[in-house]
Protein chains: 2
Amino acid sequence: MAADRVTTYDVAKAAGVSQPTVSRVFSRSTSVDPAKVERVRAVARELGYIPNLVARSLNSGHSFRIGIVLAYLKNGFFGEALQDFSKALNKQGYSVTVYFAGNSSDDIDGIIDDLLADQVDGIVLASISLSNALVTRVRKSGIPCVLFNRGQSDPDVSMVTASNFMGGKQATEFLIKAGHMRIAHLAGWRKALNGVDRRDGFLAAMEEAGLEPLACIDCHFRRTVAMVETRKLFHQKVVPDALFVANDHMAFGVLEVLREELGLRVPQDVSVIGYDDAPMADWKTFDLTTVRQPLPQMIDATATMLLSEIADPSRASEKIEIPGELIVRGSARMPAGVTRMTAKP
Amino acid sequence: MAADRVTTYDVAKAAGVSQPTVSRVFSRSTSVDPAKVERVRAVARELGYIPNLVARSLNSGHSFRIGIVLAYLKNGFFGEALQDFSKALNKQGYSVTVYFAGNSSDDIDGIIDDLLADQVDGIVLASISLSNALVTRVRKSGIPCVLFNRGQSDPDVSMVTASNFMGGKQATEFLIKAGHMRIAHLAGWRKALNGVDRRDGFLAAMEEAGLEPLACIDCHFRRTVAMVETRKLFHQKVVPDALFVANDHMAFGVLEVLREELGLRVPQDVSVIGYDDAPMADWKTFDLTTVRQPLPQMIDATATMLLSEIADPSRASEKIEIPGELIVRGSARMPAGVTRMTAKP
DNA sequence: ATTGGGATTGGGAGCGTCCCCATGCGCGAC
DNA sequence: GTCGCGCATGGGGACGCTCCCAATCCCAAT
């Protein structure tokens, strides 16, 4: 069925020009007689010629492909991220190939091999747990690389993160201003920098206000763990009057426990603040006050950064932290003077 | 920084063999002296040689890449699908490149060009609205292609779908057996075959039982639309005692309206059944009875089908429909003798 | 009319790999 | 001891394109 691939030679012959001329028409490297351009284009269209990117890659050294390494996609956040990435990079003529790494480092090692074999022009490492050895390996390969939403101590690697510290601090200050005194934090995962930073922001805000955290518990970003810990917290002598939860996903579980199991009213009895502004956060069922991850800006910064590194591989690494935004809804008591935000842009 | 790429020539020279021999070692096409194999492997490892897939593609005509075309990824369903696809295909030595098509057909036309230029070995068209002309174009290109979760009238194209008709019928029969008489359906989108099939399953079950549908409303798979329509339904003279909603996403919104706005109890006052078994469906907040999309089997079937078409492009197209499974939870009244399912596999 | 210069053009090599083919080598059989 | 036979090996040519460079052409200027 597959009519044999049409090549520049076929087009050249049919258009009465040389093969390099056809090539020039499609790569617009140097000028070609406008009349010929038109003729070549017409013939090409008629024959159904489409430039073979593989051949172009081989001798140009650019594959026009970007590899993006992800751990999971079940979480909607990364799906959205991937989609936006892809669109941003497609616009620049790149296509995006995905590589999934379970969090085992063997996987990741194999994936780096794949990335190298596939000759990608650039790599986005999104939220995977990675060893320094790994980052070193990628760097040594010389392929431009940006870490997305994943902190790393290595100073030589570019990265884009949300300002988790500030976000945690902001959320906590909001609770404090609203008059809460017994504030607990259901934290992320102590091995994930974003969780740690949110926690540190929480602790910093508490200390500045001269308050003692009622609790600060590692919940591994897992909803069920957060639910268990919430039950425990409310069976103690002194119970919290506010909870700062390290992500929305856990916060939804926490709300469920508070309302359905413990019969508490939110925010009258307990205030809850989450993190991420997941799409469900503004459903009336949850109506969750939360810190929004500035996803579009993060994507944008990452894509831009990666593309400039591809354009000039010698440029210094860069680290960008993008501030979050507190989205005020109904799950946390409001400090005087603050009003609810209505529309979600 | 980027040490120049190590090629088979470099390895050959360092190992004291010819370039073709190195090639043979890595493509294990014909036999090579075991001693040399080992030496070449050792040298390659030391030099950090990795076969260049681009060069291999150019020469062999196989890119070992699969293109998957998606409309959206915000919906968790496709994120999961993409991940599973990628894993299944990686296992067979393919990498997966994603292409996003908004639902405009211009987009899609451009994407086909990209797919052709990128020389993908196979295409998965996942849930995008596509014209017959488009499918024709893909077919004419000779690239193997499978439609995933998207029906199409064209008999010559392979596809894998969930059995939406049976699923809709099953859900409806469940409601009927539980004694409901005033059943309404909040449908998907009349231009999407999966929505239409679910609706037809609903109508078939009703007819078989000799019942008149109380309503059957196109909600475009949009949560907010479903919420509006729910309000309307319950402001009529005769109100439903059961709702079959065309996907979980809408069902969550419907539950919200029923409980929070209308003060109804589920399932005592109204039964609700959804479709998809989204991860949130088993949260206690929703506890939604729903029809599970048999995603793993669908992925599996699609990957297998695509790979066999790649292996033998002349093989006939195939259509597979995979039956769904009713997951019984607490949002719908239970017929006598039916018990709740507990574990989610 | 001749020449110089810029714009176009075609020839040819090469990107890294795999495949076809011919060579060479070793070993068993006569 | 010589002749095959077969397997391992290397040479050379593709794959489709881009790039370099030399050749050509046209036109203006001398």
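**Exercise 1. A strand pair across two chains**

Find the residue in β2(B) that is the bridge partner of Val96(A), then work out how the two strands run.

*Solution.* Start at Val96(A) and look across into β2(B): the bridge partner there is Val98(B). Keep in mind that you're looking at a predicted model. Next, zoom out to the strands themselves. Strand β2 of chain A covers residues 95-100, and 3 bridges join it to β2(B). The two strands run antiparallel.

**Exercise 2. Sizing up the interface**

Work out how many residues of chain A and chain B are in contact, and how much area is buried between the two chains.

*Solution.* First, count the residues: 49 from chain B are in contact with 50 from chain A. Then turn to area. The size of an interface is often given as the accessible area lost when the parts come together. Here, the area buried between chain B and chain A is about 4600 Å², and carbon and sulfur atoms give 59% of that. Who on chain B contributes? Val54(B), Gln83(B) and Trp283(B) supply 14% of the area that chain B buries against chain A, more than any other three residues.

**Exercise 3. Polar links and the chain B side**

Find the salt bridge that Glu261(B) forms, then describe the side of chain B that touches chain A by element and by class.

*Solution.* Step one: the rule finds 2 salt bridges across the interface of chain B and chain A. In one of these, Glu261(B) pairs with Lys284(A), and their closest N and O atoms are 3.0 Å apart. That fits the rule, because a salt bridge needs the nitrogen and the carboxyl oxygen to be within 4 Å.

Step two: count the polar contacts. Between chain B and chain A there are 11 residue pairs in polar contact.

Step three: list the elements. Those of chain B that give two or more residues to this side are α4 (53-60), α5 (76-91), β2 (95-100), α6 (105-117), α7 (132-141) and α11 (248-261). The largest share comes from α5(B), with 7 residues.

Step four: sort by class. The side of chain B that touches chain A has 22 nonpolar, 12 polar and 15 charged residues.

**Exercise 4. Around DNA strand D**

Which residues come nearest to DNA strand D, and which element gives the largest share of the surface near this strand?

*Solution.* Of the 25 residues around DNA strand D, the nearest are Thr8(A), Ser23(A), Tyr49(A), Asn59(A) and Ser31(B). Sugar and phosphate make up 59% of the strand D atoms that come within 4 Å of the protein.

Now check some phosphate oxygens of strand D. One is 2.6 Å from a polar backbone atom of Thr8(A). For Ser23(A), a polar side-chain atom lies 2.3 Å from a phosphate oxygen. Tyr49(A) has a side-chain N or O atom 2.6 Å from one.

As for elements, α2(A) gives the largest share of the surface near DNA strand D, 5 residues. By class, this surface divides into 8 nonpolar, 12 polar and 5 charged residues.

**Exercise 5. Your turn with DNA strand C**

Repeat the job for DNA strand C: name the closest residues and the element with the largest share.

*Solution.* DNA strand C is surrounded by 23 residues, and the closest are Ser31(A), Asn59(A), Thr8(B), Ser23(B) and Arg56(B). Looking at side chains, a polar atom of Ser23(B) lies 2.4 Å from a phosphate oxygen of strand C, and an N or O atom of Arg56(B) is 2.6 Å from a phosphate oxygen. The largest share of this surface, 4 residues, comes from α2(B).

Terms used: Residues numbered from 1 in each chain as written. Chains lettered and ligands numbered in written order. Predicted model: local features only at pLDDT ≥ 70, side-chain atom pairs only at ≥ 80, totals over all residues. Heavy atoms only, no water. Contact = heavy atoms within 4.5 Å. Buried area = accessible area lost by both parts, 1.4 Å probe. Salt bridge = Lys/Arg side-chain N within 4 Å of Asp/Glu carboxyl O. Polar contact = N/O pair within 3.5 Å; in protein donor to acceptor, adjacent residues only side chain to side chain. Nonpolar A, V, L, I, M, F, W, Y, C, P; charged D, E, K, R; others polar. Pairing = 2+ DSSP bridges. Near = heavy atom within 4 Å.
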